[in-house]
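Dear colleague,

I am passing on to you the structure shown below. Please look through it first; an account of what was found in it follows.

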Amino acid sequence: MSNKPIRRPGPVESGHAPPRPRRVSFSWADTPLHWVPGDPFTTHTVNVLHLLLPAGERWFVHVYKQVLPYIRDDALRADVIGFIGQEAMHAQAHDEVLPHLREQGLDPTPYTAQVDWMFEKLLGDRTLPPGRPRWWWLRERVALIAAIEHYTAFLGDWVLNADALDRAGADPTMLDLLRWHGAEEVEHRSVAFDLFAHIDGAYARRARTWALAFGALMFLWQRGIRFFLANDPTLDHGPGGTAKATLMDFHRRGRAGLLPGTGALLRSVPGYLRRDYHPSHECSTAQALAYLASSPAARAADAATGKDAG
């Protein structure tokens, strides 16, 4: 283990401050099931976030609380504490969408039970002997989180710039949830990678856990899309009906800007695997903070706590 202070890259953007949680709340009373009008495929592709993120982000928090005693860099410790607060709030906000889905006739429990099992059992605390085995498992999970955060930042940057969703008439409350969350992912995009570099940083572990994270995310996401479409009570489930999902559907909506483009997604792979990679050289903190300063939910949260937005 190395407890030497991490070597942060030269500042890409000045004015760094630890991320802080914003205690947002949303009302879903007026949000339709297909919150992108007439487009259940785009709606449900993004809706998978509500199923994956709560369990995943609670797991992030659990792992990071375990690693806090090993951090010997005060600035990084402050960043990790802020990260923990933001991720806990993200889990809560997405969890609160699930009762709304049930009210619309779409119960996500069969899928979320599988996701919960993966994070709580497969990736949870194992009964390992103290010493090297436990330390190895902690480093593995920290590396996995760094890889996953590469893609949450990618998605955050995408949704902040997804003007096509506005033009399609997407529900403004759902857009605010997604963009508030996306902006905070961009805001804290370097924390997970810096923590991994601090406690380990081995390139082989970074590459291996990236492959595991990318494969698992792609598998779970396509299963989530199929689950939503198969259980959406408003869709035609007969032969040739609307309850189907294909890669071409994803590609077409990516070209239209309604979903992340397949080309951009593939180009994100070599970026993370570069030996000189650092998240600070991607996305824009200024754009993220600008959105947080204008987000209705973030502004309401800041007003309630007496803080300035952003």
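What share of the contacts in the protein with a separation of 6 or more do residues 24 or more positions apart account for? They account for 82% of those contacts. Please bear in mind throughout that this is a predicted model.

**Overall form**

The protein has 13 helices and 0 strands. Read from the N terminus, the order of elements is therefore α-α-α-α-α-α-α-α-α-α-α-α-α. Along the principal axes, the C-alpha atoms occupy a box of roughly 60 × 45 × 35 Å. The radius of gyration is 19 Å, which agrees with the value near 19 Å expected for a compact globule because the chain has 310 residues. Of these 310 residues, 52% are buried. The exposed surface comes to about 14,300 Å², and carbon and sulfur atoms supply 57% of that area.

**Helix α8 and its surroundings**

Helix α8 deserves a separate description. It is mostly covered, with 8 of its 9 residues buried. The buried residues are V191, A192, F193, D194, L195, F196, H198 and I199. They pack against α1 (40–67), α2 (74–95), α5, α9 and α11. After α8 comes G201, which has a positive phi near 80°.

Helix α5 supplies a residue that can be followed in detail, namely V142. Is V142 buried or exposed? V142 has a relative accessibility of 0% and therefore counts as buried, the cut-off for that class being under 20%. Leaving aside residues up to four places away in sequence, V142 touches V63, V67, L195, F196 and I199. Among these partners, L195, F196 and I199 are also listed with the buried residues of α8. V142 can be related to G201 as well: the two are 59 residues apart along the chain, and their C-alpha atoms are separated by 10 Å.

**Helix α11 and the loop after it**

Helix α11 covers residues 262–273, and its buried residues are L265, S268, V269, G271 and Y272. A general point helps in reading such a list. An α-helix has 3.6 residues a turn, so residues three or four places apart point the same way. The cover over the buried residues of α11 includes α5 (132–160), α8 (191–199) and α9 (203–231).

The loop between α11 and α12 (285–294) contains C283. This residue is not a glycine, yet its phi is positive, at about 65°. C283 has a relative accessible area of 28% and is therefore partly exposed.

**Internal space**

The remaining topic is empty space inside the model. Rolling a probe the size of a water molecule over the atoms shows where such space is left. How many cavities of 30 Å³ or more does the count give? The count comes to 1 cavity. The volume of the largest cavity is about 40 Å³. Its lining consists of T31, P32, L33, W35, N47, H100, L101, Q104 and M174. Sorted by class, that lining holds 5 nonpolar and 4 polar residues, with no charged residues.

I suggest opening the structure at α8, where V191 and I199 are among the buried residues, and then turning to V142 in α5.

With kind regards

Methods. Residues are numbered from 1 along each chain as its sequence is written. This is a predicted model: local features need pLDDT of at least 70, side-chain atom pairs count only at pLDDT 80 or more; totals for chains, interfaces and linings use all residues. Side-chain values use heavy atoms; hydrogens and water are left out. On a 1 Å grid over the protein atoms alone, a cavity is a set of points where a 1.4 Å probe fits but cannot get out, and a pocket is an open set with protein on both sides within 12 Å along at least five of seven lines; lining residues have an atom within 4 Å of a point. Grid points are joined across faces, edges and corners, and a volume is the space filled by probe spheres set on the points. Ala, Val, Leu, Ile, Met, Phe, Trp, Tyr, Cys and Pro count as nonpolar, Asp, Glu, Lys and Arg as charged, and the others, Gly among them, as polar. Helices (H or I, at least four residues) and strands (E, at least two) are DSSP runs, numbered from the N terminus. The radius of gyration is taken over C-alpha atoms; the globule rule is 2.2 Å times the number of residues to the power 0.38. Buried means under 20% relative accessible area, exposed over 50%, partly exposed in between (1.4 Å probe, protein chains only). Contact means heavy atoms within 4.5 Å. Accessible areas come from the Shrake-Rupley method with a 1.4 Å probe; for residues, only the protein chains shown count as cover.
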